[in-house]
Amino acid sequence: MQKRKLGIIEIWNLSFGFLGIQMGFALQNANASRILQNFGADVHQLSWFWIIAPLMGLIVQPIVGHYSDKTWTKLGRRRPYFLIGALLASVGLILMPQADIFIAFLPALWVGAGMLMIMDASFNIAMEPFRALVADNLPSEQRTLGFSVQTVIIGIGAVIGSFLPYILSNFFEVSNKAPEGSVPDHLVYSFIIGALILIGSILVTVFTTEEYSPEEMKAIEATKSKKIDQIQIEEKESKLIDIFSDFAKMPETMKQLSWVQFFSWFGLFGMWVFTTPAIAQHFYSLPPSDSSSIAYNEAGDWVGVLFGIYNFVSVFVALSLPKIAQHIGRKRTHAFALAIGGVSLVSVYFMPNQDWLILSMIGIGVAWASILAMPYAILAGAINPKKMGVYMGIFNFFIVIPQIINALIGGPLVKYLYGNQAIFALVTAGVSFLLAAILVVKVKDEDDKNLENNEITI
């Protein structure tokens with residue numbers, strides 16, 4: 001038995017739920033910092049609040065990956081997890097910008113941080129099974145296409161989420177002003193709309209996608225290996241504690257990719273946390289203490305537009321990634337994309353005004369598209385299908401650990417080394433991207449027939 005090739009509509013539906021996940025994620029990325037500042041957080045404290053996100057990923061994804069490998073219900077193996085994740089994330093989306101309504105019980109800042117924790121835990125419950133679902137359902141020759149389509153859907157969702165506050169404020173005249181200590185209406189409504197779209201898009205995938213049963217997956221693997229008896233002998237009941245032994249036995253390709261992921265996500269975290277204060281200070285000439293003025297909210301809305309631009313660019317880049325990778329290989333494609341993103345992040349410091357930042361975002365969009373697709377396409381070919389879920393979860397360690405490190409040191413760096421000038425956090429992020437581009441050189445891509453056993457140079 002072999003996996004059948006899927007049509008483009010089937011591949012699209014396979015990842016459609018990511019539209020809502022990424023819309024919610026984009027709303028969080030573009031607006032969580034200013035919401036927390038609205039509730040009273042200082043600039044140098046932002047990364048400490050954001051540490052919630054990677055901590056939730058570190059805890060949740062490997063556990064969800066382990067149990068989703070073992071789960072089989074009427075909804076299948078992966079689908080129950082991202083359905084539950086979507087429902088929980090929608091609660092966080094609705095309540096985070098309205099945390100001040102609980103001020104009689106707790107400070108709004110702590111309620112907002114708690115809702116951020118719920119959102120991040122829930123996004124992680126949903127994200128890992130989606131990655132594994134693509135790897136489960138597609139044959140190896142369609143995986144680059146599958147993860148690229150997923151990146152397209154992620155880009156569309158992120159564009160909508162990033163632009164939504166700006167659209168509501170400028171085209172529907174929803175107020176972008178609020179009393180000190182509260183969040184403007186256009187953000188509140190944006191998060192509610194994001195929650196509704198999240199649930200709706202997840203339901204599309206749940207009701208249009210079928211999964212291979214455990215018996216079918218066993219037969220597929222037996223056909224692939226031609227060693228049915230050996231597979232039956234080697235199979236044993238896995239336990240949650242096996243995550244640690246699986247970690248120790250991770251494939252060589254995964255170890256090599258871990259360093260690429262480390263510096264990629266160290267840079268991304270710095271960008272997400274500090275772009276709003278960096279733009280407000282560097283281009284709007286606002287002091288670090290300003291977190292509620294009209295100019296600050298205009299800067300925040302412009303950051304949403306800029307994030308929407310890089311996500312919009314990533315959609316078109318993702319469409320071209322399979323063809324590019326076919327000609328020059330997945331490693332070289334990823335290395336060039338990361339290098340372009342690194343140079344673009346550094347360029348933010350040198351741009352003459354905020355409008356020129358559109359050029360920087362175009363380059364960041366190239367890197368973002370590749371980060372979302374290429375590492376997973378490379379990794380999937382090196383993983384035992386029976387361990388796909390748990391290894392996709394473990395792979396998340398190398399996404400969340402660099403974010404935790406950045407969360408711990410990013411704020412102090414901005415306060416003590418950069419003199420509260422958040423723009424230098426973006427420069428640091430760009431350098432981190434460039435280091436990741438260099439490290440792609442040593443990664444071995446098991447499925448890349450064009451460059452098999454060859455190393456690339458930059």
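## Exercises on a helical chain: salt bridges, burial and packing

The count of salt bridges comes to 4. The model is predicted.

**Exercise 1. Which residues does the arginine 78 bridge join, and where do they sit?**

Step 1. Identify the partner. Arginine 78 pairs with aspartate 136 through their side chains, with an N to O distance of 2.7 Å.

Step 2. Place both ends. Aspartate 136 belongs to helix α6, while arginine 78 is in the loop between α4 (52-70) and α5 (79-95). They are 58 residues apart, so the pair links distant parts of the chain.

Step 3. Check burial. Aspartate 136 and arginine 78 are buried.

**Exercise 2. Place the bridge of glutamate 211 and arginine 79, then state whether its ends are buried or exposed**.

Step 1. Take the distance. The closest N and O atoms of glutamate 211 and arginine 79 are 3.1 Å apart.

Step 2. Locate the ends. Because glutamate 211 lies in the loop between α8 (185-208) and α9 (214-225) and arginine 79 in helix α5, the pair ties together parts 132 residues apart in sequence.

Step 3. Check burial. Both glutamate 211 and arginine 79 are buried.

**Exercise 3. Classify the ends of the arginine 4 bridge**.

Step 1. Find the partner. Arginine 4 bridges to glutamate 10, with the closest N and O atoms 2.6 Å apart.

Step 2. Apply the cut-offs. Buried means under 20% relative accessible area, and exposed means over 50%. Arginine 4 has 47%, so it counts as partly exposed. Glutamate 10 has 34%, so it is partly exposed too.

**Exercise 4. Where on helix α18 do its buried residues lie?**

Step 1. Describe the helix. α18 spans residues 423-439, 17 in number. Its end-to-end C-alpha reach is 25 Å, close to the expected 24 Å.

Step 2. List the buried residues. They are Ile423, Ala425, Leu426, Ala429, Gly430, Ser432, Phe433, Ala436 and Ala437.

Step 3. Read the arc. These residues cover an arc of only 165 degrees around the axis, so they fall on the same side of α18. An α-helix has 3.6 residues a turn, so residues three or four places apart point the same way.

Step 4. Name the packing partners. The buried residues of α18 pack against α12 (252-282), α14 (330-347), α15 (357-380) and α17 (397-417).

**Exercise 5. Is glutamine 150 buried or exposed, and what does it touch?**

Step 1. Place the residue. Glutamine 150 is in helix α7 (residues 140-171).

Step 2. Read its accessibility. The value is 0%, so glutamine 150 counts as buried.

Step 3. List its contacts. Beyond residues up to four places away in sequence, glutamine 150 touches Ser15, Phe18, Phe130, Arg131 and Val134.

**Exercise 6. Work out the surroundings of phenylalanine 49**.

Step 1. Place the residue. Phenylalanine 49 is in helix α3 (residues 46-50). Its relative accessible area is 12%, so it is buried.

Step 2. List the contacts. Outside its neighbours within four places in sequence, phenylalanine 49 meets Leu36, Ala41, Leu109, Trp110, Ala113 and Leu116.

Step 3. Look at α6. Helix α6 covers residues 108-137, and 26 of its 30 residues are buried.

**Exercise 7. Which residues touch the most other members of the largest nonpolar core?**

Step 1. Name them. In this core of 130 residues, they are Ile21, Phe123 and Trp272.

Step 2. Expand one. Leaving out residues up to four places away in sequence, tryptophan 272 has contacts including Phe25, Trp50, Trp265 and Trp368.

Step 3. Set the whole chain beside this. The chain has 18 helices and 0 strands, and 61% of its 458 residues count as buried.

How values were computed: Residues numbered from 1 in each chain as written. Predicted model: local features only at pLDDT ≥ 70, side-chain atom pairs only at ≥ 80, totals over all residues. Heavy atoms only, no water. Core = buried A, V, L, I, M, F, W, Y, C linked by side-chain atoms within 4.5 Å. Buried < 20%, exposed > 50% of the residue type's maximum accessible area, 1.4 Å probe, protein only. Contact = heavy atoms within 4.5 Å. Helix = DSSP H or I, 4+ residues; strand = E, 2+ residues; numbered from the N terminus. Expected span 1.5 Å × (residues − 1). Arc of directions from axis to C-beta.
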